[in-house]
Amino acid sequence: MTTETQRKLLFQLVKLFRCSRILEIGTFTGAATIAMAAAMSSSPSSLSSGKNGDNGKLITLEMDPKAAGLAQKHAKKLKYLDDRIDFIIGPAMESLVRIIKERPNEQYDLVFIDANKDGYASYFDFIMDNNLLSDNGVIIADNVLFYGQVHRHAGYDDITPFKFRADSPDTAAKIHDFNQHVSMDKRAEVVILPIFDGLSIITKRKQTFNK
């Protein structure tokens with residue numbers, strides 16, 4: 001779950017980028033969902049769909065029905081957000097395929113990825129391959145340093161991490177692979193911020209043309 005400071009950062013980023021369309025992959029308790037939706041509701045219309053006259057929409061994907069139910073319960077307490085959040089329950093890739101079928105040509109100003117770590121690269125590729133990110137939009141991927149373990153797989157320290165969780169070595173390796181995958185993708189530019197558990201800020205690479 002995102003920390004209070006991280007939620008405040010997401011809130012400010014949504015306001016800064018004036019997001020009217022947000023896609024979240026991984027709802028969990030809905031803490032980040034509510035923070036982003038609250039900022040979106042107070043933002044002037046913006047990068048992608050605000051021109052249509054609505055006040056924005058956040059679509060959030062969650063595999064676990066219990067977690068999604070808890071998030072919905074929290075969101076309903078804030079009635080001004082109730083019509084701004086769409087919860088979709090099920091495997092994220094299946095939900096993404098469904099989204100592009102039901103909402104063709106829709107783009108998102110911000111995509112927040114905080115889900116199963118072995119799916120990060122697939123989610124990123126799907127977003128880029130299907131042009132889901134608006135031209136000035138941003139993808140934020142959470143946990144990209146994974147408790148300080150990813151740097152070991154990147155060769156900056158002993159490769160043997162301490163085992164605070166049984167799956168930590170495998171998960172750190174998957175996150176490292178994702179970081180490498182994004183950095184080598186010519187469609188994207190990325191910076192990893194060493195804050196919280198590591199945040200990747202990913203944007204579309206701007207095309208340059210010789211005059």
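The exercises below work through a predicted model of a protein chain, each with a stepwise solution.

**Exercise 1. The overall architecture**

Task: Determine how many helices and strands the protein chain has, and in what order the elements run.

Solution: Begin with the count, which gives seven helices and seven strands in the protein chain. Next, follow the elements from the N terminus on, where they run α-β-α-β-α-β-α-β-α-β-α-α-β-β. Then turn to burial, and note that buried residues make up 47% of the 211 residues. Finally, take the contacts between residues at least 6 apart in sequence, among which 73% join residues at least 24 apart.

**Exercise 2. The unit formed by E4, H5 and E5**

Task: Establish the handedness of the β-α-β unit made by E4, H5 and E5, and describe its parts.

Solution: Start with the strands, since the pairing of E4 (residues 108-113) with E5 is parallel and extends over five bridges; within it, Tyr108 has Leu133 in E5 as its bridge partner. Now add the helix: H5 spans residues 120-129, and its buried residues are Tyr120, Tyr123, Phe124, Phe126, Ile127 and Met128. Read this list against the helical repeat: an α-helix has 3.6 residues a turn, so residues three or four places apart point the same way. Taken together, E4, H5 and E5 make a right-handed unit.

**Exercise 3. The surroundings of strand E5**

Task: Decide whether strand E5 is largely enclosed or open, and identify the strand that is joined to E5 in the antiparallel sense.

Solution: First consider burial along E5 (residues 133-142), where eight of the ten residues are buried, so that the strand is largely enclosed by the rest of the structure. Then look at strand E7 (residues 199-204), which runs antiparallel to E5 and is joined to it by five bridges. As a point of reference in this pairing, Val138 stands opposite Thr203 in E7.

**Exercise 4. Two residues with positive phi**

Task: Locate Arg18 and Asn131 in the chain, and classify the accessibility of each.

Solution: Take Arg18 to begin with, which lies in the loop between helix H1 (4-17) and E1 and has a positive phi of about 50° although it is not a glycine. Because its relative accessible area is 38%, Arg18 is classed as partly exposed. Asn131 follows, in the loop between H5 and E5, and its phi, near 55°, is likewise positive in a residue other than glycine. With a relative accessible area of 42%, Asn131 is partly exposed.

**Exercise 5. Asn179 in helix H7**

Task: Work out whether Asn179 is buried or exposed, and which residues it is in contact with beyond its neighbours in sequence.

Solution: Place the residue first: Asn179 lies in helix H7. Its relative accessibility is 10%, and therefore Asn179 counts as buried, the cut-off being under 20%. Once neighbours within four places in sequence are left aside, its contacts are Val144, Val150, Ile192 and Ser200.

**Exercise 6. The largest pocket**

Task: Describe the volume of the largest pocket and the residues that line it.

Solution: The volume comes first, at about 680 Å³. The lining consists of 36 residues, and those nearest the centre of the pocket are Asp114, Ala115, Asn116, Lys117 and Asn143. Sorted by class, the lining comprises 14 nonpolar, eleven polar and eleven charged residues. To trace where lining residues come from, note that strand E1 (21-25), helix H2 (31-41), strand E2 (57-62) and helix H7 (168-183) each supply at least two of them.

Note on methods: Residues numbered from 1 in each chain as written. Predicted model: local features only at pLDDT ≥ 70, side-chain atom pairs only at ≥ 80, totals over all residues. Heavy atoms only, no water. Buried < 20%, exposed > 50% of the residue type's maximum accessible area, 1.4 Å probe, protein only. Helix = DSSP H or I, 4+ residues; strand = E, 2+ residues; numbered from the N terminus. Pairing = 2+ DSSP bridges. Right-handed = clockwise from strand over helix to strand, strands pointing away. 1 Å grid on protein atoms, 1.4 Å probe; cavity = no way out; pocket = protein on both sides within 12 Å on 5 of 7 lines; lining within 4 Å. Points joined across faces, edges and corners; volume = space filled by probe spheres on them. Nonpolar A, V, L, I, M, F, W, Y, C, P; charged D, E, K, R; others polar. Contact = heavy atoms within 4.5 Å.
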